[in-house]
Amino acid sequence: MRRLFSIAMLLLALSATGASSLADERAEAAALLREALAGLGRADTAPTPEARVQALEAVAATIERLTRDYASTYVGLRLAAGQPIGALDPKAVEQRLAEARVAVGVRPAASRPVEPAPIRPAGEPRPCDRGVVPGTRKGEAGTALAEVIADCRAALAFEPGSAKRRFQLARALSERAQPGDREEAVKLLEAAAADGWTAAKAELCARYLWGIGTAKDPVRARNLCEAAAAEGNEQARGLLARGGALASARR
């Protein structure tokens, strides 16, 4: 029981530590989004071509900042993927700015050779595959947790039916443990478990047992642990061996 209590206290501490930082980050991203949208309005009503260029350059700079400094937020992820948010379309802004510059006599910059994207050494896993180090709020090999989450979301976007990607993202969100993360993690784990991902069943067993991101449900926890244990998962076997609420749960 002491061990269970210690784990619960650690999760609560992690949640308290990260709550304000995530709220601040999302609020800042939302403020920058509003600023960019307002900039588009100023460009539409600019009194001179030069003022239009200035307004669009400010919008482009804001988009760049969002994709660089707020990559773990919904706004940053969507813009980084080149997807519009309302009237803010990164590709359209780029095109409008190029046309506005031509209108004031600014020639397009001479094209430079495009530097190839860094190539990951053969066999080196991507941040999402590296996973996280429990209790550190970091990914394996010192990778920033925000990078792991962003990479997992990107991977899941390309593989929407992947139980593995859902599980990896759930683990990363659980490690960050900020408002809404645990609940999202449970939904991801449920989907992965439904697709037969054994480790997801074991993770869900622990969450239903202790009420992490969901209400406590010892019966549901036991069913999941028994299913995962039957498939060879050691975490599930260990939870069942401890007894306690799982042992007394009745179907």
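# Helix pairs and buried residues in a predicted model

The axes of helix 7 (residues 163-176) and helix 8 (residues 181-194) come within 8 Å and cross at roughly 160°. That angle makes helix 7 roughly antiparallel to helix 8, because angles over 145 degrees count as roughly antiparallel. The crossing of this pair is left-handed. Helix 7 brings Ala-163, Arg-166, Phe-167, Leu-169, Ala-170, Leu-173, Ser-174 and Arg-176 to the contact; helix 8 brings Asp-181, Glu-184, Ala-185, Leu-188, Leu-189, Ala-191 and Ala-192. Sorted by class, the contact of helix 7 with helix 8 has ten nonpolar, one polar and four charged residues.

The structure described here is a predicted model. Its protein has 251 residues. It contains twelve helices and two strands. Along the sequence, they follow the pattern α-α-α-α-α-β-β-α-α-α-α-α-α-α. Of the residues, 36% count as buried. The protein exposes about 14200 Å², and carbon and sulfur atoms supply 56% of that area. Now take the contacts between residues at least 6 apart in sequence: 57% of them join residues at least 24 apart.

## A second helix pair

Two packed helices are described by the angle between their axes and the distance between the axes. What are these values for helix 2 and helix 4? The axes of helix 2 (residues 49-69) and helix 4 (residues 90-103) come within 9 Å and cross at roughly 150°. That makes helix 2 roughly antiparallel to helix 4. Their crossing is left-handed. On the helix 2 side, the contact is made by Arg-52, Val-53, Leu-56, Glu-57, Val-59, Ala-60 and Ile-63; on the helix 4 side, by Pro-90, Val-93, Arg-96, Leu-97, Ala-100 and Arg-101. By class, the contact of helix 2 with helix 4 has nine nonpolar, no polar and four charged residues.

## Three buried residues

The table lists three residues with their places and relative accessibility.

| Residue | Place | Relative accessibility |
|---|---|---|
| Lys-201 | helix 9 (residues 198-210) | 12% |
| Leu-188 | helix 8 | 10% |
| Ala-177 | loop between helix 7 and helix 8 | 1% |

Start with Lys-201. Is Lys-201 buried or exposed? Its relative accessibility is 12%, so Lys-201 counts as buried, the cut-off being under 20%. Leave aside its neighbours within four places in sequence. Lys-201 is then in contact with Ala-193, Gly-196, Leu-224, Ala-227, Ala-228 and Glu-231. Take one of these, Ala-228. Lys-201 and Ala-228 are 27 residues apart in sequence and 5.7 Å apart in space, C-alpha to C-alpha.

Next comes Leu-188, one of the helix 8 residues in the contact with helix 7. At 10% relative accessibility, Leu-188 also counts as buried. Which residues does Leu-188 contact, leaving aside its neighbours within four places in sequence? They are Leu-156, Arg-166, Leu-169, Ala-170 and Leu-173. Among them, Arg-166, Leu-169, Ala-170 and Leu-173 are on the helix 7 side of the contact between helix 7 and helix 8. Leu-188 and Leu-204 are 16 residues apart in sequence, and their C-alpha atoms are 10.0 Å apart in space.

Last is Ala-177, in the loop between helix 7 and helix 8. Ala-177 is buried, with a relative accessible area of 1%. Look at its backbone too. Most residues other than glycine have a negative phi. Phi of Ala-177 is near 50°, a positive value in a residue other than glycine.

Key. Residues are numbered from 1 along each chain as its sequence is written. This is a predicted model: local features need pLDDT of at least 70, side-chain atom pairs count only at pLDDT 80 or more; totals for chains, interfaces and linings use all residues. Side-chain values use heavy atoms; hydrogens and water are left out. Axes are lines fitted to C-alpha atoms, for helices over the stretch in contact, and angles run from 0 to 180 degrees between N-to-C directions. Helices (H or I, at least four residues) and strands (E, at least two) are DSSP runs, numbered from the N terminus. Angles under 35 degrees count as roughly parallel, over 145 as roughly antiparallel, 65 to 115 as roughly perpendicular and the rest as oblique. A crossing is left-handed if the near helix is turned anticlockwise from the far one by less than a right angle, and right-handed if clockwise. Contact means heavy atoms within 4.5 Å. Ala, Val, Leu, Ile, Met, Phe, Trp, Tyr, Cys and Pro count as nonpolar, Asp, Glu, Lys and Arg as charged, and the others, Gly among them, as polar. Buried means under 20% relative accessible area, exposed over 50%, partly exposed in between (1.4 Å probe, protein chains only). Accessible areas come from the Shrake-Rupley method with a 1.4 Å probe; for residues, only the protein chains shown count as cover.
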